[in-house]
Amino acid sequence: MNNIILCGFMGSGKTVVGRELAKICGRRFVDTDELVEKKQGIPIKAIFEIYGEDFFRDLEYQICCETAELKNCVISTGGGAVTFERNVEALKKGGKIVFLDADFDTICDRIGDSTNRPLFNDREKARALFDERRPKYEAAADITVDGSMAARKTAMTIASLTR
């Protein structure tokens, strides 16, 4: 069975929906950001600070290639993963990419004033990044789902579309 690969902006629900979807479909849940951190042994924020974005993106690409070889998984990607064509190509070898298309206001409500998301300290910059990435998510996706719905409803919708 092919993988279901979730993409979307931070706060779109990739992790929460992904875990729910995995339960519904009886699949294993895999988070590419968690795999990057495990491989490097430090948080992504530290990877960026110590080694830089290019190093992180190379690790992310390796993880995308590795996860594409898995079977019967729900894979949550990092917010920037599918903005790089090499990652999209690798991931599509292993399954269908589903874009969780949540609107910016919903994302802001979900993230709130989280200190875990430093990008959201400046909402204007976050909005600009959201607007820049959205067409890339759309281009990468095989399926687009309304990510503004509750997690269970979103997961049920994806499950019905990927049978």
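**Notebook: selected residues and one helix pair**

I began with Asn72, which is partly exposed, with a relative accessible area of 24%. I note at the outset that the model I am reading is predicted. I placed Asn72 in the loop between H4 and S3. I then looked up its backbone: phi of Asn72 is near 60°, a positive value in a residue other than glycine. I recorded this angle because most residues other than glycine have a negative phi.

**Entry on Thr77**

I turned next to Thr77, in the loop between strand S3 (73–76) and helix H5 (85–92). Is Thr77 buried or exposed? I found a relative accessible area of 3%, so Thr77 is buried, the cut-off being under 20%. I checked what its side chain meets: a polar atom there lies 2.8 Å from the backbone oxygen of Leu6. I also listed the contacts of Thr77, leaving aside neighbours within four places in sequence, and found Ile5, Leu6, Cys7, Lys14, Thr32, Val82 and Leu91. Leu6 thus appears both in the list of contacts and as the owner of the backbone oxygen just noted.

**Entry on Thr15 and Glu20, helix H1**

I looked up two residues of helix H1, Thr15 and Glu20. For Thr15 I read 30% relative accessibility, which counts as partly exposed. For Glu20 I read a relative accessible area of 19%, and I entered this residue as buried because the limit is under 20%.

I then compiled their contacts, again without neighbours within four places in sequence. Thr15 is in contact with Phe29, Asp31 and Ser76. With which side chain does the side chain of Thr15 make a polar contact? I found the side chain of Asp31 as the partner, at 3.3 Å. I also checked Thr15 against Thr77: their C-alpha atoms are separated by 8.7 Å, and the two residues are 62 residues apart along the chain. Glu20, for its part, is in contact with Ala151, Arg152 and Ala155.

**Entry on Ser12**

I located Ser12 in the loop between strand S1 (3–7) and helix H1 (14–25). Its relative accessibility is 0%, and Ser12 therefore counts as buried. A polar atom of its side chain lies 2.7 Å from the backbone oxygen of Phe9. Not counting residues up to four places away in sequence, I found that Ser12 touches Leu100, Ala102, Ile107, Arg110 and Gly147. For one of these, Leu100, I looked up the separation: 88 residues in sequence, but 6.1 Å in space, C-alpha to C-alpha.

**Entry on helices H2 and H4**

I closed with the pair formed by helix H2 (residues 32–40) and helix H4 (residues 53–68), whose axes come within 9 Å and cross at roughly 115°. How are H2 and H4 oriented to each other? Angles of 65 to 115 degrees count as roughly perpendicular, and I therefore entered the two helices as roughly perpendicular to each other. The crossing in which H2 passes H4 is right-handed.

I then listed the residues that meet. On the H2 side I found Thr32, Asp33, Leu35, Val36, Lys39 and Gln40, and on the H4 side Phe55, Phe56, Leu59, Glu60, Gln62, Ile63, Glu66 and Thr67. I sorted the residues of this contact by character and obtained six nonpolar, four polar and four charged. Thr32, listed here on the H2 side, also stands among the contacts of Thr77.

Terms used. Residues are numbered from 1 along each chain as its sequence is written. This is a predicted model: local features need pLDDT of at least 70, side-chain atom pairs count only at pLDDT 80 or more; totals for chains, interfaces and linings use all residues. Side-chain values use heavy atoms; hydrogens and water are left out. Helices (H or I, at least four residues) and strands (E, at least two) are DSSP runs, numbered from the N terminus. Buried means under 20% relative accessible area, exposed over 50%, partly exposed in between (1.4 Å probe, protein chains only). A polar contact is a pair of N or O atoms within 3.5 Å; within protein, one must be able to donate a hydrogen and the other to accept it, and residues adjacent in sequence count only if both atoms are side-chain atoms. Contact means heavy atoms within 4.5 Å. Axes are lines fitted to C-alpha atoms, for helices over the stretch in contact, and angles run from 0 to 180 degrees between N-to-C directions. Angles under 35 degrees count as roughly parallel, over 145 as roughly antiparallel, 65 to 115 as roughly perpendicular and the rest as oblique. A crossing is left-handed if the near helix is turned anticlockwise from the far one by less than a right angle, and right-handed if clockwise. Ala, Val, Leu, Ile, Met, Phe, Trp, Tyr, Cys and Pro count as nonpolar, Asp, Glu, Lys and Arg as charged, and the others, Gly among them, as polar.
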